[in-house]
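User: I would like to go through the labels attached to this chain and see what each one rests on. Please set the values against the cut-offs as we go.

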Amino acid sequence: MTPFAPGEATAKVTAATTSARVKVAEASGIVQVRLYNSGTVTAFLALGDSTIAATVAAGMPLPPGAVEVVSFATGDDVYLAGITASGTADVYATPGVGI
């Protein structure tokens, strides 16, 4: 396994009870994104194109304080959407390569 290496600037999405999204990476060879939930509530996340919206029912849960590295398909700009069941959570997304 290769340690995670940042490749582009970190983006922040403030997840609340309505889905919000932010552009994470330009179309490139970046294939992973490191996610960190600095909030006090679980954020439910989705990665996709500029139309992506997160839902509590189908989103990937990221608990408070958690760090995850996820992979995504390359070729298009990548967006991160986040939502919470209650409250708000700032989720930081750093594109890069490695685990």
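Analyst: A residue counts as buried when its relative accessible area is under 20%, as exposed when that area is over 50%, and as partly exposed in between. The model discussed here is a predicted one.

User: Why is Ala89 called buried?

Analyst: Ala89 has a relative accessible area of 1%. The cut-off for buried is under 20%, so Ala89 is buried. Ala89 is part of strand S9.

User: What does Ala89 touch, leaving out residues up to four places away in sequence?

Analyst: Ala89 touches Val13, Thr14, Ala15, Asn37, Gly39, Val41, Ala43 and Thr84. As for Ala5, 84 residues apart from Ala89 along the chain, the two C-alpha atoms are separated by 24 Å.

User: Where is Thr84, and is Thr84 buried or exposed?

Analyst: Thr84 sits in the loop between S8 and S9. Its relative accessible area is 2%. Buried requires under 20%, so Thr84 is buried.

User: Which residues are in contact with Thr84, neighbours within four places in sequence aside?

Analyst: Thr84 is in contact with Ala15, Ala16, Thr17, Val41, Thr42, Ala43, Phe44, Val56 and Ala89.

User: What makes the Thr84 side chain a partner in polar contacts with backbone oxygens?

Analyst: The cut-off is a pair of N or O atoms within 3.5 Å. A polar atom of the Thr84 side chain lies 2.7 Å from the backbone oxygen of Gly87. For the backbone oxygen of Ser86, the distance to a polar atom of that side chain is 3.3 Å. Both distances fall within 3.5 Å, so both pairs meet the distance limit.

User: Why is Ala20 called partly exposed?

Analyst: Ala20 has 25% relative accessibility. That value is neither under 20% nor over 50%, so Ala20 is partly exposed. Ala20 lies in strand S3. Setting aside neighbours within four places in sequence, Ala20 is in contact with Val13, Thr14, Leu80, Ala81 and Gly82. Its C-alpha atom is separated by 18 Å from that of Pro95, 75 residues apart along the chain.

User: How do you know that S8 is covered on both faces?

Analyst: In a regular strand the side chains alternate between the two faces of the sheet. On one side of S8 are Val78, Leu80 and Gly82, on the other Tyr79, Ala81 and Ile83, and all are buried. Counted over the strand, six of the six residues of S8 are buried.

User: Which strands pair with S8, and in what sense?

Analyst: S3 and S8 pair in the antiparallel sense over five bridges, and Ala25 stands opposite Val78 in S8. S5 and S8 also pair in the antiparallel sense, over five bridges. There, Phe44 has Ile83 in S8 as its bridge partner. Two strands count as paired from at least two bridges, so five bridges satisfy the rule in each case.

User: What makes S4 a paired strand?

Analyst: S4 pairs with S7 (residues 67-71) in the antiparallel sense over five bridges, with Tyr36 opposite Val67 in S7. S4 is also joined to S9 by six bridges, and these two strands run antiparallel. One residue in that pairing is Asn37, whose bridge partner in S9 is Val91. The threshold is at least two bridges, so S4 qualifies with S7 and with S9.

User: What is in the largest nonpolar core?

Analyst: The largest nonpolar core has 19 residues, and those with the most contacts inside it are Val24, Val33, Leu35, Leu45, Leu80 and Val91. S2, S3, S4, S5, S8 and S9 each supply at least two of its residues. Another core, of seven residues, lies apart from it and includes Phe44, Ala54, Tyr79 and Ala81.

User: Which residues are in contact with Val33, apart from neighbours within four places in sequence?

Analyst: Val33 is in contact with Phe4, Val24, Leu47, Glu68, Val69, Val70, Phe72, Ala93, Thr94 and Pro95.

User: How do you know that the radius of gyration agrees with a compact globule?

Analyst: For 99 residues, a compact globule would have a radius of gyration near 13 Å; the chain has 12 Å, so the two agree. The C-alpha trace spans about 35 × 25 × 20 Å along its principal axes. Of the 99 residues, 38% count as buried. The chain has zero helices and nine strands.

Terms used: Residues numbered from 1 in each chain as written. Predicted model: local features only at pLDDT ≥ 70, side-chain atom pairs only at ≥ 80, totals over all residues. Heavy atoms only, no water. Core = buried A, V, L, I, M, F, W, Y, C linked by side-chain atoms within 4.5 Å. Buried < 20%, exposed > 50% of the residue type's maximum accessible area, 1.4 Å probe, protein only. Helix = DSSP H or I, 4+ residues; strand = E, 2+ residues; numbered from the N terminus. Contact = heavy atoms within 4.5 Å. Polar contact = N/O pair within 3.5 Å; in protein donor to acceptor, adjacent residues only side chain to side chain. Rg over C-alpha atoms; globule rule 2.2 N^0.38 Å.
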